[in-house]
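Q: Got a minute to walk me through this one? I'd like to start at the ligand.

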Amino acid sequence: MPGKEEFVVTPYEVKGRIDYERLREQFGTQPVTPELLAKLHHIAGGELPPALARGIYYSHRDLPALLDGFAHGNPFFLYSGRGPSGPLHTSHLLQFQLCQWFQKRLGVPMYIQITDDEKFWSSKTGIAREETVHWGLENLTDILALGFDPKRTHTFFDSRSIAAMYPLAVRIARKVPYSTVKAVFGFTPSTNIGLVFYTALQTVPAFWPSWAEGRPVPCLIPCGIDQDPHFRITRDMAESFGYPKPALLHSQMVPGLLGESVMSTTGDRADNALFLDDPPEAVERKVRNAFTGGRATVEEQRRLGATPEICSVWALWRTQFAESDAKFAEVTAGCRSGTLLCGECKSQLLERVGKFYAAHRVARAKAKEWAESTIVTRAPRDL
Ligand code: TRP
């Protein structure tokens, strides 16, 4: 069992209080530095995505080379994904909001993977196939509703796209020894063989444009740092195909409302997250009950200030809901100095969350009309 300071982060398990800097060192990835942010700022015409400016995307692999390539006329494509097991919560949108930002500013294509198969295999509660497929389509609609361009956005919905993906998947699978997946994911003798194969499918989108176009096309994968193990496998084999190693941009995990490291709702913890299909009363209740970094009494808080770094409400401002860096700085300073009390802070946040939900509902209804048309069903060739 992990001790107090211990934590575990793999694609199939996240637990303990995560020390992100230590995790980055363990994984051997690069820190996101001010120089890298300046480079991106320049390429994007004087803007930075909020989540990068606020340090949520804190780690990467090979991002500078990809950005330099872009600046010299070699565009990349984006790839990210979702394992569908239920309604999305706000934290699941983080990586897609970043992708949408890149697509809008730089006009690059986006590939989304919906892994209905992976979730069926990895579910600890024995989810039904019908459910992973149902949620796959629902989740895809929510993702597309963030403002993706229908003409430049493509979806690998694993069970529906498998005929298209399979010629590439078989080539990839041949390069992955069992000993590798066993070590990387910590598989045991009782792990089902679906998961043993699955990582090959998560590599497919990263190579797809290079395979389809017959030339190396650079790829950028924004993802939670828990997904890095899959892409170490992808990167290790890329050159053997003559494809570029995908660049990665890793985010921290969004903490849960109950004060846990991750906004996960596994088990009986529905109040740990804001689901996109929560009614306004549920959103209000969850935020009002959320764990904060506040003091025991108002008097103490006015005198000593509160601690944003441990507060789940501050994490929501930081990751997704502060509309400007100035607003984020104001909330942070008010919290630390004791001028902004938790009740008022929650009211201000709820106003933003409410607006986001209302706009999302409208965008989602439109995206529903074209979501399925993004699903890839044909391979560039059948061998
Ligand atoms: N394995 C991811 C999950 O469980 C889903 C996924 C597939 C993904 N491809 C991806 C996530 C690429 C990030 C980037 O949610």
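Q: Sure, it's a predicted model. Which strand gives the most to the shell around the ligand?
A: That is β5, with 4 residues.

Q: Which strands supply at least two residues each?
A: β5 and β8, the latter spanning 219–224.

Q: And which residues come nearest to the ligand?
A: S80, G81, G83, Q113 and C223, out of 13 residues around the ligand.

Q: How does that shell split by class?
A: It has 7 polar, 4 nonpolar and 2 charged residues.

Q: OK, the sheet. What is the strand order?
A: The order is β3-β4-β9-β8-β5-β6-β7. That is an open sheet of 7 strands, and the pairing is mixed.

Q: Why is one side of β3 and of β7 left without a neighbour in the sheet?
A: Both stand at the edges, and each has a single partner strand, so one side of each stays free of a neighbour in the sheet. β3 covers 30–31.

Q: Let's take β6. How many of its residues are buried?
A: 5 of 5, across residues 110–114.

Q: Which residues sit on which side?
A: M110, I112 and I114 are on one side, and Y111 and Q113 are on the other. Both faces are covered, and these residues are all buried.

Q: Is there a general pattern behind that split?
A: In a regular strand, side chains alternate between the two faces of the sheet.

Q: Parallel or antiparallel, for β5 and β6?
A: Parallel, over 5 bridges, with β5 running through residues 77–82.

Q: Which residue in β6 is the bridge partner of Y79?
A: Y111.

Q: How does the chain cross from β5 to β6?
A: Through helix α5, residues 94–106. This β-α-β crossover is right-handed.

Q: And on to β7: how many bridges join β6 to that strand?
A: There are 5. The two strands run parallel, and β7 is residues 153–157. In that pairing, T155 of β7 stands opposite I112.

Q: Back to α5. Buried or exposed, what is Q103?
A: Q103, which has its place in helix α5, is buried. The reason is the count: 20 other C-beta atoms lie within 10 Å, and 20 or more is the cut-off for buried.

Q: What does Q103 touch?
A: Leaving out residues up to four places away in sequence, Q103 touches L78, V108, M110, F148, D149 and R152. Of these, M110 is one of the buried residues of β6, and L78 falls within β5, residues 77–82.

Q: What about Q103 and R235, how many Å separate their C-alpha atoms?
A: 23 Å. Along the chain they are 132 residues apart.

Q: Changing topic: the N-terminal end. How do β1 and β2 pair?
A: They run antiparallel, with 4 bridges. β1 is residues 7–10 and β2 is residues 13–16. A hairpin joins the two through 2 residues.

Q: Which residue in β2 is opposite V9?
A: V14.

Q: Last one, domains. What does the assignment give?
A: Domain 1 at 7–258 and domain 2 at 270–367. Their C-alpha centres lie 27 Å apart.

Q: How many residues does the contact take from each?
A: 20 from domain 1 and 21 from domain 2.

Q: Which helices supply at least two residues on the domain 1 side?
A: α3 (50–53) and α7 (129–144) each do.

Q: And what is the class split on that side of domain 1?
A: 13 nonpolar, 5 polar and 2 charged.

Definitions and conventions
Residues are numbered from 1 along each chain as its sequence is written. This is a predicted model: local features need pLDDT of at least 70, side-chain atom pairs count only at pLDDT 80 or more; totals for chains, interfaces and linings use all residues. A residue is buried if 20 or more other C-beta atoms lie within 10 Å of its own, exposed if 12 or fewer, and partly exposed in between; C-beta atoms are placed from the backbone. Two strands pair if DSSP finds at least two bridges between them. A crossover is right-handed if, with the strands pointing away from the viewer, the path from the first strand over the helix to the second runs clockwise. Domain bounds come from an automatic or database domain assignment. Two residues are in contact if their C-beta atoms, placed from the backbone, lie within 7 Å. Ala, Val, Leu, Ile, Met, Phe, Trp, Tyr, Cys and Pro count as nonpolar, Asp, Glu, Lys and Arg as charged, and the others, Gly among them, as polar. A residue is near a molecule or strand if its C-beta atom, placed from the backbone, lies within 6 Å of it.
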